[in-house]
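I opened the model to look up strand pairing and a few side-chain surroundings. My entries follow in the order I made them.

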Amino acid sequence: MGKVIHFEIHASDLDAAVAFYQALFGWKIQRWGDAPYCLIDAGEGPGANGAIMQRQGPAPAAGAPVMGATIIVGVDDIDATYARGLELGAEAAHEKLPVPGMGWSAYLRDPDGNVFGLFQEDAEAK
């Protein structure tokens, strides 16, 4: 069975994207050699590590359909993380909504136009 082991976020401005994701999630991100590619260490526990790489072409337009996959990041406090994302320059893509029997989800557009999700487990659902 295939399992996601790595993800890549495309960015027009690598330094700006690194600063955004470090500030929002506390990820450790470092350049990989001389390539326009930065490795993401998302920390211990389940889930994949990833990278931020140089975008090849224009950023996605606001309101356009997602072309590719959307990463969902597990957070302890979805309301605080959503608000912090907005403070850091993200835009709302979809406000918080319940995922019955599981928890809560919400979606943001990062400053470069990429849609990503947040998910908070509901302790009551376990």
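Entry 1, Arg109. I listed the contacts of Arg109 first, leaving out residues up to four places away in sequence: Arg109 touches Pro60, Ala61, Ala62, Gly63, Ala90, Glu91, Ala93, Asn114, Val115 and Phe116. This is a predicted model. I then looked up where Arg109 sits, and found it in strand β7. Is Arg109 buried or exposed? I noted a relative accessibility of 12% for Arg109, which therefore counts as buried, the limit being under 20%. I also checked the polar atoms of its side chain: one of them lies 3.2 Å from the backbone oxygen of Gly113.

Entry 2, the strand that holds Arg109. I followed β7, residues 103–109, to β8, residues 115–121; the two run antiparallel and are joined by seven bridges. I picked out one pair, in which Trp104 has Gln120 of β8 as its bridge partner.

Entry 3, the sheet around β7 and β8. In what order do the four strands of this open sheet stand? I read β5-β8-β7-β6, with mixed pairing. I noted β5 (72–74) and β6 (91–99) at the edges; each has a single partner strand, so one side of each is left without a neighbour in the sheet. For the twist I have an average of 20 degrees between neighbouring strands, direction ignored. I then looked for a helix on this sheet and found α1, residues 14–25, lying across β5 and β8. Helix α1 runs at about 10 degrees to β8.

Entry 4, Trp27. I went on to the loop between α1 and β2 (28–31), where Trp27 is found. With a relative accessible area of 8%, Trp27 is buried. Which residues is Trp27 in contact with, leaving aside its neighbours within four places in sequence? I listed Phe7, Ile9, Tyr21, Gln22, Ile40, Asp41, Ala42, Ile71 and Val73. I also took the C-alpha to C-alpha distance from Trp27 to Gly43, which is 7.0 Å for a separation of 16 residues in sequence.

Entry 5, strands β1, β3 and β4. I found β1 (residues 6–11) and β4 (residues 49–54) running parallel, with six bridges between them. Strand β3 (residues 37–41) runs antiparallel to β4, and four bridges join these two. I looked up Ala51 of β4 from both directions: Ala51 is the bridge partner of Glu8, and Leu39 stands opposite Ala51 as well.

Notes. Residues are numbered from 1 along each chain as its sequence is written. This is a predicted model: local features need pLDDT of at least 70, side-chain atom pairs count only at pLDDT 80 or more; totals for chains, interfaces and linings use all residues. Side-chain values use heavy atoms; hydrogens and water are left out. Two strands pair if DSSP finds at least two bridges between them. Axes are lines fitted to C-alpha atoms, for helices over the stretch in contact, and angles run from 0 to 180 degrees between N-to-C directions. Contact means heavy atoms within 4.5 Å. Buried means under 20% relative accessible area, exposed over 50%, partly exposed in between (1.4 Å probe, protein chains only). A polar contact is a pair of N or O atoms within 3.5 Å; within protein, one must be able to donate a hydrogen and the other to accept it, and residues adjacent in sequence count only if both atoms are side-chain atoms.
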